[in-house]
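Biologist: Before I do anything else with this one, I'd like a close look at a single part, the salt bridges. Take your time over them, then place them in the rest of the chain for me.

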Amino acid sequence: MGRHCFFTTARDGKLKEYIHWHDNIFPEVCAGLRAAGITSLTIYNQPGTNVLVMNIHTAGDLDLDKAIGSDSAYQKNPRCQEWEELMKTDFHHGWTELKEIHASDREWNKQLGLASAPPRPRATSSSGPDPDEPPRFYGTEKGSEVTDAGPEVPHASGAQGSQLQASPLPEEPKRWSGTAKGEHGEVRKP
């Protein structure tokens, strides 16, 4: 399975209409995306903003430019062309692909010594991830000894596994402050 993440900003005053269009998406767009190998497409909105984030999962390691780009079979369908043009001209300025920097199915499995982890996604366009960039490691260089031992982790069978080892992470800046009231009560700033 391939996965891709993108972001954009909806044009001012257009978010509600954008959501309405996606709640009533053209059937030809759904069929065209499925036929191109898109198995899942999810769009999120950062509350209180016009920021949109889109996650796409594909059947296999697809090149999205070939699968749904301007020269694809998907774009040759007039209703799909109409949809894409409507989204680009009326609702946003296009999507920018984000670089995947962490995935639990890869990094966690590697750290736990589980089944081989899938490789990082390769670039699908000039704005995609850089396949030649080395992986990021915190606190150690790849292949060096890690000395901070973690707790014993039980194996799925119930037997005790080996100790996890991890290097300390750099202190991250606080990204959120304030309070919010949710279904489980008030959440305070860190």
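Modeller: I'll start with the chain as a whole, go through the salt bridges one by one, and then look at the other parts.

Keep in mind that this is a predicted model. The chain has 190 residues, and 22% of them are buried. Its secondary structure comes to 6 helices and 8 strands. Read from the N terminus, the order is β-α-α-β-β-α-α-α-β-α-β-β-β-β.

Now to your part. The structure holds 7 salt bridges. Some of them join up: Arg3, Glu100, Asp105, Arg106 and Glu107 are linked in a network. A good place to step in is glutamate 100, whose side chain meets that of arginine 3 at 2.8 Å, N to O. This pair ties together distant parts of the chain, since glutamate 100 is in the loop between β4 and α6 while arginine 3 is in strand β1 (residues 2–9), 97 residues apart. The two ends of the pair fall on either side of the 20% cut-off for burial. Glutamate 100, at 19% relative accessibility, counts as buried, whereas arginine 3, at 22%, is partly exposed. I wouldn't read much into those labels without looking at the percentages themselves.

Glutamate 100 has another partner as well: its side chain forms a salt bridge with arginine 106, again listed at 2.8 Å, N to O. Arginine 106 counts as buried because its relative accessibility is 7%, and under 20% is what buried means here. From arginine 106 you can step on to glutamate 107, where the side chains meet in a salt bridge of 3.0 Å, N to O. Glutamate 107 is buried too, just as arginine 106 is. So if you trace the network on screen, you can go from arginine 3 to glutamate 100, then to arginine 106, and on to glutamate 107. As for what lies behind such contacts, side chains of opposite charge can pair when their charged atoms come close.

Next, a nonpolar neighbour in the sequence. Trp108, Leu112 and Leu114 make a nonpolar surface patch of about 330 Å². Leucine 114 sits in the loop between α6 (104–112) and β5 (149–154). At 48% relative accessibility, leucine 114 is classed as partly exposed.

Then there's the pocket. The largest pocket has a volume of about 890 Å³. Several elements give two or more residues to its lining, among them α1 (15–23), α2 (27–35), β3 (51–58) and α5 (78–91). The biggest share comes from β2, with 5 residues. The lining takes in 34 residues, and Met54, Ile56, Ile68, Glu84 and Trp95 are the ones nearest the centre of the pocket.

A couple of residues around α4 are worth a click. Serine 72 lies in the loop between α3 and α4, and it is buried at 2% relative accessibility. In sequence, serine 72 is 36 residues from alanine 36, yet their C-alpha atoms are 8.6 Å apart. Alanine 73 belongs to helix α4 and is exposed, with a relative accessible area of 66%. Alanine 73 is also paired up across the sequence, with alanine 35 lying 38 residues away and 9.1 Å off in space, C-alpha to C-alpha.

Last, the cysteines. A search of the whole structure finds 0 disulfides. Cysteine 30 is in none, and its nearest cysteine sulfur, in cysteine 80, is 9.1 Å away. Seen from the other side, the sulfur of cysteine 80 has cysteine 30 as its closest, and 9.1 Å is too far for a bond, because a disulfide needs the sulfurs within 2.5 Å. The surroundings of the two cysteines can be told apart as well: cysteine 30 is partly exposed at 34%, while cysteine 80 is buried at 1%.

To come back to your request, the piece I'd keep on screen is the salt-bridge network of Arg3, Glu100, Asp105, Arg106 and Glu107, with the link between glutamate 100 and arginine 3 joining distant parts of the chain.

Methods
Residues are numbered from 1 along each chain as its sequence is written. This is a predicted model: local features need pLDDT of at least 70, side-chain atom pairs count only at pLDDT 80 or more; totals for chains, interfaces and linings use all residues. Side-chain values use heavy atoms; hydrogens and water are left out. Buried means under 20% relative accessible area, exposed over 50%, partly exposed in between (1.4 Å probe, protein chains only). Patches are made of residues with over 30% relative accessible area and no salt bridge: like charges are joined within 9 Å, nonpolar side chains (Val, Leu, Ile, Met, Phe, Trp, Tyr) within 5 Å. Accessible areas come from the Shrake-Rupley method with a 1.4 Å probe; for residues, only the protein chains shown count as cover. A salt bridge is a side-chain nitrogen of Lys or Arg within 4 Å of a carboxyl oxygen of Asp or Glu. Helices (H or I, at least four residues) and strands (E, at least two) are DSSP runs, numbered from the N terminus. On a 1 Å grid over the protein atoms alone, a cavity is a set of points where a 1.4 Å probe fits but cannot get out, and a pocket is an open set with protein on both sides within 12 Å along at least five of seven lines; lining residues have an atom within 4 Å of a point. Grid points are joined across faces, edges and corners, and a volume is the space filled by probe spheres set on the points.
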